[in-house]
Each structure stands twice: as structure tokens, then as C-alpha cells.
Amino acid sequence: MARFTLPRDLYHGKGALEALKTFEGKKAMLCVGGHSMKKFGFLDKAVSYLNEAGIEVEIIDGIEPDPSVETVKNGAERMLKFKPDWIIAMGGGSPIDAAKAMWIKYEYPDITFEDMCKVFGIPKLRKKAHFCAISSTSGTATEVTAFSIITDYSKGIKYPIADFEITPDVAIVDPDLAETMPKKLVAHTGMDAITHAIEAFVSTAHCDFTDPLALYAIKLIQNDLVKSYNGDMTKRDTMHNAQCLAGMAFSNALLGIVHSMAHKTGAAFADLGAHIIHGAANAMYLPKVIAFNAKDETAAKRYAVIADYMGLGGNSTEEKIKLLIDYLRKMNDEMNIPHCIKNYGADSYPTENGFVPENVFLERLPEIAKNAIADACTVSNPRKINQEEMEKLLKCCYYDTEVDF
Ligand SMILES: NC(=O)c1ccc[n+]([C@@H]2O[C@H](COP(=O)([O-])OP(=O)(O)OC[C@H]3O[C@@H](n4cnc5c(N)ncnc54)[C@H](O)[C@@H]3O)[C@@H](O)[C@H]2O)c1
Ligand SMILES: [Zn+2]
């Protein structure tokens, strides 16, 4: 038996934030990131809509990008004091994911981080609060997914928490919030979204319910992402829906090793001064993983279906896959994303000598490869991978070399 779960309600379209006026409850804990939601006036709007609904609001702000275990613990303590019956998270993937994990710890104060990370092992939530997610970036789709990504900085590892229990009750997909994104964020989050859709489509857990969502998301992203990056606000609005469709697909079909590798490299070089931003990591690794997975016959056929649906041409399966890889690499070029870790500059732009020196990469490679294999996303990848292959694949992602194994 398989399960397909989505939020009970999804409010969408420009101005959908106003749905907050219709909420019923007593107290809402509103969780946001750094400054963007405040700066662009969305935080004040959300508070006033909730007040209009007769709901008292407290705010947890300053949730950092790639939130830490400590942030989750502190937030849950605030919730235990305030006792909200709504947790409302607004912003990018980071504050929403942090709030999801805070929610678990608020409902079960004694739960450990290790317990939270047991895949599909979260006890029943909603005894204390319901959860609403309002996304301001067009990529993670965490507003509709069963996932939360929390970073353990003592280990330099991102851990996915995965359980349908944390699929939000309500998602608000209001493109007004995404219109303020700077270009670089559009590029990274958009490439994250297309990775979600492609990984979901070839995942071993894909099904008739997830395939149409994934394919249509790919088509929309193909048509709209680069234009959105170049300032077309109509396309920016459709991208907000497209990433959400991709999220509906991958939340139920799961992902693959692009994400395993992104999770395990993201914070692995944080001591050198920079993270490999999630979407940028995916953008660099996706073409390499397609080449690796395409050695599996079923996966190859499915990549060819994607290429056909995108109208890329090609006569054989092999040719179609090559065209798909070329297309994705062209998208990276058009949005100034590097092709490999070696050329990943501290500001995330391509540069001759990136911030991860070769010797440091090679020294950490065995451990990173081991962790990537152990990542929850590896299970549903269409081709099995061992330590030696993962190390080789990561090397291709470091040097931008051909995947021929
Ligand atoms: N839960 C999931 O299913 C899932 C899926 C993929 C990724 N993730 C995780 O999500 C995180 C990344 O999330 P993200 O890419 O949305 O970025 P983010 O939440 O980390 O935000 C990045 C930056 O963008 C700013 N920002 C956000 N919205 C803005 C807006 N509308 N205008 C201007 N600035 C804005 C933030 O203040 C922040 O500085 C990573 O930790 C990643 O691992 C989660
Ligand atoms: Zn992702």
C-alpha cells in the first residue's frame, strides 16, 4: 500500500495571504527568517490579518538559513511557554523547516533530534497545534512537503526529517511574496525545484499520482525559470506554482542521490567560510547524477520521457538524455551557476578557484560519500550506488568531468 498526502487546504494566487483572516484559533506563533518578510511588509500584514481573526500573535524571528538543531530547541521552548494552537511559518525553506521541527518538539518536548530523524517515525502531531506554511521562495515547496531539513553544525551534516505527520495542514502559495526575491535566490531555488521534479519522476517510489505533477512542473519550470530570473514577474508568479507542484510530487514520490549529495556537501565545508547553497548544489550535481542513473534501463527510459515532454528532440534514448543534460547545463550558464564544486566561489558565482581546495575535498571525500549513501534520499534513487561509485561521482561533481561508469 502506498500513501499520497497533501495539505488539507491550499490557498493560492496573488493576495492569498489574506486567507489568514479566516483562521480560527486563539494563539499563533509566527516564525520567520532574517529580515525579508519584515522589510517587505508581509510580516506586518500577516500579524494584522491574524489579529483581525481574533488570534493573539507572538513572533519567533531571526531563524537563520540552513537552521540548526539549537534554533529548533530554542524555538520549541518559546512555544512551550506561549502555548500556540497555530504555528505559522512564513519565508523560505529555512524558517518553515525550522518551525516544522519546533512543532515536533513542542508537541513532544522529550523527543531527541536522533528520534526525529528516524524516517517516518514521528509520533502523532496536532494534539497542541496545527501548522500553516507560507512560502516566500520558489523552490523547496516545504509548504506542501513531509520534509524538514535541519543542520547539525557539530557534525557539518544536514539531516532530513521525513514523515507525513509534518505535512502542513494549510499552505499559502501567494506569488506576491516571491516577487521580492533577488536574482540569485530565484536561480538557486528554481534549480532546486526542477531537481525535485526530475528526481521524483525517476524515483523508485513514483506513481500515477506523482508523475503528472512532476512532468507538468518540469514543463512550467522549463518555460518560466530563466525568464523569471531575468525579471519577468508573470513568470515569477507561475514559478511559485510550479515549484509547489514539484513539491507535491516529491513529497510523495521521494527524491534521489542529487539530494543525498547536496545534503552532505552543503555544510561540509562551512569551516572554510561558505555553504554550498542547496539549490546551487543540486544544479551542479543533477546533470552528473542523470548520467550515472541512466545506466539503469528503467531510469534511462524515464529521463527520455522527460526530454520528450520538454520537446528537446533526439532519436534514441541516449541522445535524448544527452540533450536533457545539455539543457540543464545551459540553464546553469544562463543563471550564472557554476558546474562544479571546484569552480564554486564563496559568493556562489562561478570562479576559477572556488573556496573548496582540492586537497581538502579529497581528504573529506570518503566521509562525505559515506554520509551521502546513508542519506534518506538514497533509498529511492533508481540506481543503487556503493562507496567507490559515490566517491567517483562526487569527484565528477568536483572537477566537472564525464560520468562514464
Ligand atoms: N523541507 C523540504 O522539503 C526542503 C526541500 C528542499 C530544501 N530544503 C531546505 O530549505 C533550505 C533552503 O530554503 P530556501 O532556498 O527557500 O532559502 P532560505 O529560506 O534559506 O532563504 C535564503 C535567503 O533568502 C531570503 N529570502 C527568502 N524569501 C525572500 C524573498 N521573498 N525576498 C527576498 N529575500 C528572501 C532569506 O531571508 C534568506 O536570507 C535549505 O536548508 C534546504 O536544505 C527543504
Ligand atoms: Zn531540494
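Me: What makes up the shell around ligand 1, in terms of nonpolar, polar and charged residues?
Reply: In this predicted model, the shell around ligand 1 holds 7 nonpolar, 18 polar and 4 charged residues. Keep in mind that Gly is counted with the polar ones. G92, G93, S94, T137 and F147 are the ones that come nearest, out of 29 residues around the ligand.

Me: Which elements supply at least two residues each to that shell?
Reply: Five names to look up in the viewer: α4 (93–107), β6 (147–152), α6 (175–178), α7 (183–202) and α11 (278–293).

Me: How do you know that the shell draws on each of the domains?
Reply: The domain assignment gives domain 1 as 9–178 and domain 2 as 183–399. At least three residues of the shell around ligand 1 come from each of them.

Me: And what says that domain 1 and domain 2 are in contact?
Reply: A contact calls for C-beta atoms within 7 Å. By that test, 25 residues of domain 1 are in contact with 29 residues of domain 2. On the domain 1 side, β6, β7 (157–162) and α6 give two or more residues, and β7 gives the most, with 4 residues. That side divides into 13 nonpolar, 9 polar and 3 charged residues. As for the C-alpha centres of the two domains, they lie 25 Å apart.

Me: Why is the protein chain called as compact as a globular protein of that length?
Reply: Set the value against the rule. The chain has 15 helices and 8 strands. Its radius of gyration is 20 Å, and the globule rule gives 22 Å for 405 residues; the two are close, so the chain counts as compact as a globular protein of that length. If you'd like spans, the C-alpha trace covers about 60 × 45 × 40 Å along its principal axes.

Me: How much of the chain counts as buried, and what share of contacts joins residues at least 24 apart?
Reply: Buried residues come to 54% of the 405. For contacts between residues at least 6 apart in sequence, 76% join residues at least 24 apart.

Me: What makes strand β5 "mostly covered"?
Reply: Count its residues: β5 runs over residues 130–135, and 6 of its 6 residues are buried. Both faces are covered too, with H130, C132 and I134 buried on one side and F131, A133 and S135 buried on the other.

Me: How do you know that β5 pairs with β4 and with β8?
Reply: Pairing needs at least two bridges. Strand β4 (residues 86–91) has 6 bridges to β5, and β8 (residues 170–173) has 3, so each passes that cut-off. The strands run parallel in the β4 pair, and parallel again in the β8 pair. Two places to click on: M90 has I134 of β5 as its bridge partner, while C132 stands opposite V170 in β8.

Me: Why is Y106 called buried?
Reply: The cut-off is 20 or more other C-beta atoms within 10 Å. Y106 has 26, so it is buried. This residue lies in helix α4.

Me: What does Y106 touch, leaving out residues up to four places away in sequence?
Reply: A76, M79, L80, K128 and A129. L393 is 287 residues apart from Y106 along the chain, and their C-alpha atoms are separated by 40 Å.

Terms used: Residues are numbered from 1 along each chain as its sequence is written. Chains are lettered from A and ligands numbered from 1 in the order in which they are written. This is a predicted model: local features need pLDDT of at least 70, side-chain atom pairs count only at pLDDT 80 or more; totals for chains, interfaces and linings use all residues. The radius of gyration is taken over C-alpha atoms; the globule rule is 2.2 Å times the number of residues to the power 0.38. A residue is buried if 20 or more other C-beta atoms lie within 10 Å of its own, exposed if 12 or fewer, and partly exposed in between; C-beta atoms are placed from the backbone. Two residues are in contact if their C-beta atoms, placed from the backbone, lie within 7 Å. A residue is near a molecule or strand if its C-beta atom, placed from the backbone, lies within 6 Å of it. Domain bounds come from an automatic or database domain assignment.
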